Amino acid sequence: TWTGEEWLELYPPMHTARFWPGVLTIGDLVIVSGGAGADGREVDTIEFLDVKNKKWIQSNLKLPQPLSYHHMALCGEYIYIYNWDGYFWRMNKKNLMASLTNNDVHHWEKLEDAPKWSSLLQYSILPVLVGPFGIFIFEKEKWTQISKETSYHNTCTASLNGTTFLTFGGSRGLGGDFQTRAVQY
């Protein structure tokens, strides 16, 4: 936490050191999944930060495969995972939350591959991807393009504000044409 003068460490360190994880907040829990470990290799572990009690909970639940640079989103009753290569999975939120209190191992359901190099919006009713090939929505178990707008940038961050899409940053290719602006669509 930034005090205005310095950073204060309010929470203990995670069990697994990682960078580039997927992160999702549900109530007082922060879910941190995957990422690259201290040795640079991708990991498949999932940890939960209980913000109220200031403690980390290690879960027996694993990602479907080691991942980094991936997105997590809560849409309706499901937690979705999307990675830049277009792989797409889901798990019922109840099953994910049950992994905190029991040793039942639930599995991620593999879904139809999604368009690559996009950003998965959090907290929308249905999964929505915004990326260099337009806007896509996952409905009735398949991806449908709802906009062919191509001014979105790969590796951007996207947000949904009511019915307005906002994109932030990104690039038009690896290593070039980085964007510093926020764009409303």
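How many bridges join β8 to β9, and do these strands run parallel or antiparallel? Five bridges join them, and the two strands run antiparallel. The legends below treat a predicted model.

**Figure 1. Overview of the predicted chain.** The model is a prediction. The chain holds 19 strands and one helix. Of its 185 residues, 46% are buried. The chain exposes about 10,200 Å², and carbon and sulfur atoms supply 52% of that area. Contacts between residues at least 6 apart in sequence were also sorted by separation. Among these, 39% join residues at least 24 apart.

**Figure 2. The hairpin of β8 and β9.** β8 spans residues 78-83 and β9 spans residues 88-92. Four residues lie between the two strands of the hairpin. Glycine 86 takes a positive phi there, near 95°. Across the strands, tyrosine 82 stands opposite phenylalanine 88 of β9. β9 is mostly covered, with four of its five residues buried.

**Figure 3. β9 and its pairing with β10.** β10 covers residues 109-110. β9 pairs with β10 in the antiparallel sense, over two bridges. Which residue of β10 is the bridge partner of arginine 90? The partner is glutamate 109. The side chains of this pair also meet, in a salt bridge of 2.9 Å from N to O. The pair links distant parts of the chain, 19 residues apart: glutamate 109 in β10 and arginine 90 in β9.

**Figure 4. A salt-bridge network at arginine 90.** Arg90, Glu109 and Glu141 are linked in a network of salt bridges. The side chains of arginine 90 and glutamate 141 meet at 3.1 Å, N to O. Arginine 90 lies in β9 and glutamate 141 in the loop between β13 (134-139) and β14 (142-147), so this salt bridge ties together parts 51 residues apart in sequence. Is arginine 90 buried or exposed? Arginine 90 is buried, because its relative accessible area is 9%, under the 20% cut-off. Its two acidic partners are described next. Glutamate 109 has 37% relative accessibility and counts as partly exposed. Glutamate 141 is partly exposed too, at 43%.

**Figure 5. The salt bridge between aspartate 28 and lysine 52.** A search of the whole structure finds six salt bridges. One of them joins aspartate 28 to lysine 52, with the closest N and O atoms 3.5 Å apart. This pair links distant parts of the chain, 24 residues apart. Aspartate 28 sits in the loop between β2 and β3, and lysine 52 in the loop between β5 and β6. Lysine 52 counts as exposed, because its relative accessibility is 65%, over the 50% cut-off. Aspartate 28 counts as partly exposed, at 39%.

**Figure 6. The largest nonpolar core.** In soluble globular proteins, nonpolar side chains tend to be buried together. In this model, the largest nonpolar core has 18 residues. Which residues have the most contacts inside it? They are Ile31, Ile79, Leu96 and Trp108. Several strands each supply at least two residues of this core, among them β2 (22-26), β3 (29-33), β5 (43-50) and β7 (70-75). β8 and β9 also each supply at least two. β6 (55-67) is another such strand. β6 gives the most, with four residues.

**Figure 7. Contacts of isoleucine 31.** The residues named here exclude those up to four places away in sequence. Isoleucine 31 touches Gly22, Val23, Leu24 and Ile26. Isoleucine 31 also touches Ile46, Glu47 and Phe48. Met72 and Leu96 complete its set of contacts. Leu96 is, with Ile31, one of the residues with the most contacts inside the largest core.

**Figure 8. A second nonpolar core.** This core is separate and has twelve residues. Its members include Tyr82, Ala114, Phe138 and Trp143. Tyr82 appears in the hairpin view as well, opposite phenylalanine 88.

**Figure 9. A nonpolar patch on the surface.** Which residues make this patch? Phe19, Trp20 and Tyr69 make it, and its area is about 310 Å². Tryptophan 20 is found in the loop between β1 (18-19) and β2. Is tryptophan 20 buried or partly exposed? Tryptophan 20 counts as partly exposed, because its relative accessibility is 42%.

Conventions: Residues are numbered from 1 along each chain as its sequence is written. This is a predicted model: local features need pLDDT of at least 70, side-chain atom pairs count only at pLDDT 80 or more; totals for chains, interfaces and linings use all residues. Side-chain values use heavy atoms; hydrogens and water are left out. Buried means under 20% relative accessible area, exposed over 50%, partly exposed in between (1.4 Å probe, protein chains only). Contact means heavy atoms within 4.5 Å. Accessible areas come from the Shrake-Rupley method with a 1.4 Å probe; for residues, only the protein chains shown count as cover. A nonpolar core is a set of buried Ala, Val, Leu, Ile, Met, Phe, Trp, Tyr and Cys residues joined through side-chain atoms within 4.5 Å. Patches are made of residues with over 30% relative accessible area and no salt bridge: like charges are joined within 9 Å, nonpolar side chains (Val, Leu, Ile, Met, Phe, Trp, Tyr) within 5 Å. A salt bridge is a side-chain nitrogen of Lys or Arg within 4 Å of a carboxyl oxygen of Asp or Glu. Two strands pair if DSSP finds at least two bridges between them.
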